[in-house]
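Me: Please pick one buried spot in this model and take me through it closely. After that, I'd like to follow the chain outwards and see what surrounds it.

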Amino acid sequence: MAVSDDDKVKPGESEEEETDEETGEDTEDSAAGTDEEDSDEEDDSAEEDDSAEEDRNVDDSAPPKAKAAPTKPAPQKAPNAVVGKGSPTWVMPLYVAGLVFVYLGERVLSATPNVHWAATGGGALAAIVATVARFNPNWRADGERKAIEQLMALLSVAGLVALGIYAATTEWGSEALGIADMELEARESLETVLTISWVVLILLTTLPMLFAELALHPMRWAERLEGRRVRAAAAGGTTLALAAAYGCFFVYAAGGADLKADYSYFKTSRPSEPTKKIVASMEEPIEVIAFFPQVNDVGAEVERYLQDLAKGSSNVQITVEDRLLLPKLARELRATQDGVIVLKRGDVNKRLTIGADMKNARPKLKTLDRDFQEQLLKIARARRTAYLTVGHGELNDRPKNAATRSGQEASILRQLLEKQNYTVKSLSSAQGLANDIPDDADLLVILGPVDPFLPEEISSVKRYADRGGHIFMALDPDVIRREQLSPLGQAGIDATGASKPPGAGSAAPAGSATPPKPAGSAPAPKPPASAAPGTSATPPGEAPPPPPVSEKAERMAALAATVGVKFDATTLAHPEKHFRRRYNKSDRTMLATNRFSSHASVSTLSKNAASTAVLIFGVGSLERAPGAKEKIDFAVKSLSGTFNDVNGNYEFDKATEKKWSYNVGAAVSRPSAGAAKDAPKKDEKADPHAGDKKADKKKEETGMPDEMRAFVLADADALTDLIVSRNGPNGLLFVDAIRWLGGEESWSGEDTTEEDIRLEHTKEKDQVWFYATIFGAPLFVLACGLLVSRRSRGSRGGRS
């Protein structure tokens, strides 16, 4: 029986597994008797077998031969097989890690040579190994997979080229290639081109590789790859890299253009109430001439300020002139450049330079009112002299090692005095403090002495007050408290290590004279009767008695008594209303208060008490001294509920302590008593106070009030640079008190300034901000984009 060609089993067909590109069906159906056409590519051996079968003699009567069953396809390789599946998954992470280590070695670890070379060399080696791995013959692939691997290998090689270009820009690379020996201009141009080249090339290689790898990862072990999706991802990475490069080039090119757009906050300060009051109080009118070009932005801002100042006042005459049109006037007033403001009163001229360029003048316009007021004070009255005591560890008496008292100085107060038209001088025992206060002293400032004043110095301060002096005094109770609570002080041992007899803490040192008690001064303060040791036995469970009063406390109390005030060095505390710094009970002494009287020395703070508070850390308390005849106004008080921490345990002990609103600031005044009665007799010719004619003439010139005035503050820490720089009301308290002491209380008020608040960061914070903006923000945007894109693809898949 003859067998038809359709029934014949061709030997080569069972091993072929051709798949249709559109339907995906195997061509095995043609071997099973389907109507599809035979493949044109058949083995020659199969054709020879067919011809041989046709030549055979087959019996036609024999039953038809059954069709041969198709043979099974060859078993497929496991999905995990490496052969034919392209490079393994660890190649891309190794490549990226290599680039990261190169960056760390060159940018972060460059200060340590060994670690720098280890990180840079290791990173470069990792990138090279990852690139070579893509050309390994064992990991070759066919079809779409082969095209993808070729693309990744090409990008990886381009990345190595970028690293090579970067190496040429380094110090050792430029020396090896001779770039360092080139002319400066040519070398800078070449280095610029090389830098731009490697940066752009590293972006154009790394980003497409990352995007392509992310698209390839879900289908890495699939039978068929969607090469179109991988190539689209790589194209997206290339687009992003080109956009980043374009942005960098645009910013670089824009930086070279002479154009600038500033969107930061800017505002010229307006005339403050103190400045207007100073102008209104002047007996002789002043003339203000501003020299600016006719069309100038800075001149327009200054003219607006001056016009606001002249409103409602007939004592000021404002003119804005062009210096080039009036050369004679400019030469007379010594205005040699544009942007100068001249204040003229009679024959006295003062100049304030602002500048005519807005870029440079902008910071000065923000503080225009403060600077203008400083120059205005110089022509409003004669310059005064302020003496700051030194030699007792005062805030203004800086130690040799300033680092040990960082922030505990009083340099800001010194600047504030100078801005009020005071000449600041130092006064110690060697400069006459133990003898007498100089005649030209318009103001005496005592800022937190650590060591006690000598009896002779206290007497000198007392005589100065009696003849109508003006004193600002800030006492520091922490000095006495540390002495009382120290083991040496409690054990009855002095600072030199010698033991002291009982009761010697309040006695004067051997060989020294007992300090004379000025007339009307109060005796040294004593401990409260309820807390005095020896009055009664301490009941079990109650607070121990307070330590005895030391010599330092007596001297400090005697200093305060020179102006009729009793100073109590017991530190005040509040159980609830306090700052938290150490997060323990000692924070209860870090207080703030907004309780001010209506006295002129605190008028500005009193008007703004609802939004203003003065910081007082470790503050004592004040009272009227027994027998004092001075007029005392306790201008600053602590908040209600404050208690005097007698035993220093930061807890309120009802038996020995009292909750109250304590006095912490006092304004004292009394009529001048003329020459001090207790002053030592001197030769009439040499007596500087004979008839007080010289002192009276000085007061008439400077306009100082003809009465004794003193302002006493029971906390010196409130005036340190650390506190004043961070809390403006503390500095305002000092300025208003100085103005009242000088008889200028009508000028009190807050100066206006538009200065930006300075942001200070530590080195660690700067590093955090740097890496957060350089890496954190771009990675966040990239993560958001990936999240949105994945969700959008998922939603489209769900709808389909």
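Reply: Let's begin with V279, which counts as buried because its relative accessibility is 1%. Buried here means under 20% relative accessible area, with exposed over 50% and partly exposed in between (1.4 Å probe, protein chains only). A word on the ground rules: this is a predicted model, in which local features need pLDDT of at least 70 and side-chain atom pairs count only at pLDDT 80 or more, while totals for chains, interfaces and linings use all residues. Residues are numbered from 1 along each chain as its sequence is written, and side-chain values use heavy atoms, leaving out hydrogens and water.

Where does V279 sit? It belongs to helix α9 (residues 273-281). Helices (H or I, at least four residues) and strands (E, at least two) are DSSP runs, numbered from the N terminus. If you skip its neighbours within four places in sequence, V279 is in contact with L309, S313, N315, V316 and L376, where contact means heavy atoms within 4.5 Å. Take L376: it lies 97 residues from V279 in sequence, yet their C-alpha atoms are 8.1 Å apart in space. That fits a wider pattern: among contacts in the protein chain between residues at least 6 apart in sequence, 76% join residues at least 24 apart.

Now follow V316, one of those contacts of V279. In strand β2, V316 stands opposite I286. Strands β1 (residues 286-291) and β2 (residues 316-321) pair in the parallel sense over six bridges; two strands pair if DSSP finds at least two bridges between them. Strands of a sheet pair through backbone hydrogen bonds, either parallel or antiparallel. Five of the six residues of β1 are buried. Helix α10 (residues 297-310) joins β1 and β2 in a right-handed β-α-β unit. Right-handed means that, with the strands pointing away from the viewer, the path from the first strand over the helix to the second runs clockwise. β1 also runs antiparallel to strand β3 (residues 340-345), with five bridges between them; there, I289 has V342 as its bridge partner.

Let's step further along the chain, to helix α14 (residues 411-419), whose buried residues are L413, L416 and L417. They all lie on the same side of α14, because they cover an arc of only 100 degrees around the axis, judged from the directions from the helix axis to the C-beta atoms. An α-helix has 3.6 residues a turn, so residues three or four places apart point the same way. The cover over these buried residues includes β5 (384-389), β6 (422-427), β7 (443-447), α21 (721-726) and α22 (728-741).

L417 also appears among the residues with the most contacts inside the largest nonpolar core, which has 76 residues. A nonpolar core is a set of buried Ala, Val, Leu, Ile, Met, Phe, Trp, Tyr and Cys residues joined through side-chain atoms within 4.5 Å. Helix α22 gives this core its largest share, eight residues. A second, separate core of 29 residues includes V298, L352, I354 and A361.

Finally, the whole picture: the protein chain has 23 helices and 19 strands, and 40% of its 800 residues are buried.
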